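Me: I am in my first year and would like a close look at a single part of this structure, namely the second chain and the place where the two chains meet. Please take me through that part step by step, in connected prose.

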Amino acid sequence: MAKRIITNVAQTWAPTANNVAATQFIATKGGSTTQVIDWLEMLLSGMATSSIPMSIQVAYSSTLGLTPSAIALPNADGPMLVNATALANVVVAYTAAATGPTPNAAATLPRMNLGFNAFGGILRWNAAPTQQWTMVGNAVNGGETVLLADSSAGQSGSGALNAHVIYEPY
Amino acid sequence: MKKSEGELFIDHRASPGMPPAQARQLGYDPSQVGEGSLFEAATIQCQHCNRMVVRNPLRERERAFCMQCAGAYICDLCDDERRKPDYVHLPFRKVVDLVASGKATLVSMGVRPLLVPTEKKEI
């Protein structure tokens with residue numbers, strides 16, 4: 001299908017503890033119970049004005065975000081190819097919600113652990129072909145993925161950053 | 001970097017980088033993510049649980065591979081899981097196929113995925 005990019009810019013990401021709803025994040029959820037979504041790339045550019053080591057994590061949600069907000073400027077979500085065909089099932093991609101998604105803390109579920117300093121640091125992860133981060137459906141523990149700042153690895157301060165995720169829904 | 005490996009790129013060339021204590025907490029060697037550093041590493045994916053692993057070039061223990069998945073890499077947790085007597089081989093792509101085709105509903109992914117069949121047939 002068509003690759004898309006969702007951006008979250010000019011926000012200060014506060015660290016979130018395990019089993020607590022995230023407040024600053026990027027999340028995507030399937031538009032149906034059978035939709036598959038691949039995350040292909042994540043990029044975070046640190047915009048902080050002082051040293052803020054951050055623990056960035058990618059995890060499935062154990063509690064889905066409640067009432068996701070429509071994407072609003074300066075954030076964006078759109079296809080990389082402007083004339084891409086619209087999807088029958090529209091992905092729920094969001095950067096704000098009445099209650100943000102809660103990242104899963106189960107030891108047996110995958111979680112990506114990516115740290116960097118938001119004062120001038122840049123972090124990028126690219127998936128190899130067939131090795132994307134994949135979610136399927138729209139339920140907990142596999143149907144929604146959230147990119148967030150995590151406090152469990154020692155991060156204490158909030159850091160300003162710009163982030164994007166390239167994803168591909170099917 | 002091989003064709004089947006992803007890439008992790010962490011640029012602290014214009015940044016104070018990670019403090020040693022926190023770098024260790026996050027699994028980095030502090031010298032790799034300190035001030036002025038550029039850290040590039042391959043990432044590999046477990047074909048059973050979808051976990052992404054940053055390849056540690058200093059690792060000496062052997063990594064696990066699944067012959068039922070055409071010799072694909074699997075993580076240490078899944079390697080442990082598959083040695084249990086009640087283990088059922090259910091790689092991640094199979095889980096995705098079953099849920100995406102509507103044959104099962106996903107309860108949980110991970111090392112031991114939990115699916116509920118939507119048809120009267122055991123998966």
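**Chain B and its contact with chain A**

Reply: Chain B contains 3 helices and 7 strands, and you should keep in mind from the start that this is a predicted model. If you follow the sequence from beginning to end, the elements of chain B come in the order β-α-β-β-β-β-α-α-β-β. The overall form of chain B can be described with the radius of gyration, which is 18 Å, whereas the globule rule gives 14 Å for 123 residues; the value is well over that figure, so chain B is more spread out than a compact globule. Taken along the principal axes, the box that holds the C-alpha atoms of chain B comes to roughly 60 × 30 × 30 Å. Within chain B, 34% of the 123 residues count as buried. Of the contacts in chain B that have a separation of 6 or more, 39% join residues that are 24 or more positions apart.

We can now turn to the place where the chains meet, to which chain B contributes 39 residues and chain A contributes 37 residues. On the side of chain B that touches chain A, at least two residues each come from strand S1 (6-11), helix H1 (20-25), strand S2 (38-45), helix H3 (92-100) and strand S6 (104-108). The element that gives the most to this side is S1 of chain B, with 6 residues. Sorted by class, the side of chain B that touches chain A is made up of 19 nonpolar, 14 polar and 6 charged residues.

Strand S1 of chain B deserves a second look, for S1 of chain B also pairs with strand S11 (residues 122-126) of chain A, in the antiparallel sense and over 5 bridges. One place to find this pairing in the picture is B:Phe9 in S1 of chain B, which is the bridge partner of A:Arg124.

From S11 of chain A the pairing can be followed further into chain A, where S11 and strand S3 of chain A run antiparallel to one another and are joined over 5 bridges. In this pairing, A:Leu44 stands opposite A:Leu123 of S11 in chain A. Strand S3 (residues 36-46) of chain A also pairs with S12 of chain A, again in the antiparallel sense, over 4 bridges, and there A:Asp38 has A:Thr134 as its bridge partner. A further antiparallel pairing, over 9 bridges, links S3 of chain A with strand S14 (residues 159-169) of chain A, and in S14 of chain A the residue opposite A:Leu44 is A:Ala163. As you trace these strands, it helps to remember that side chains in a regular strand alternate between the two faces of the sheet.

To finish with chain B, a loop is also worth a careful look, and B:Ala70 lies in the one between strand S4 (64-66) and strand S5 (72-74) of chain B. Although B:Ala70 is not a glycine, its phi is positive, at about 60°. B:Ala70 has 8 C-beta neighbours inside 10 Å, and because a residue with 12 or fewer is classed as exposed, B:Ala70 counts as exposed.

Conventions: Residues are numbered from 1 along each chain as its sequence is written. Chains are lettered from A and ligands numbered from 1 in the order in which they are written. This is a predicted model: local features need pLDDT of at least 70, side-chain atom pairs count only at pLDDT 80 or more; totals for chains, interfaces and linings use all residues. Two residues are in contact if their C-beta atoms, placed from the backbone, lie within 7 Å. Ala, Val, Leu, Ile, Met, Phe, Trp, Tyr, Cys and Pro count as nonpolar, Asp, Glu, Lys and Arg as charged, and the others, Gly among them, as polar. Two strands pair if DSSP finds at least two bridges between them. The radius of gyration is taken over C-alpha atoms; the globule rule is 2.2 Å times the number of residues to the power 0.38. A residue is buried if 20 or more other C-beta atoms lie within 10 Å of its own, exposed if 12 or fewer, and partly exposed in between; C-beta atoms are placed from the backbone.
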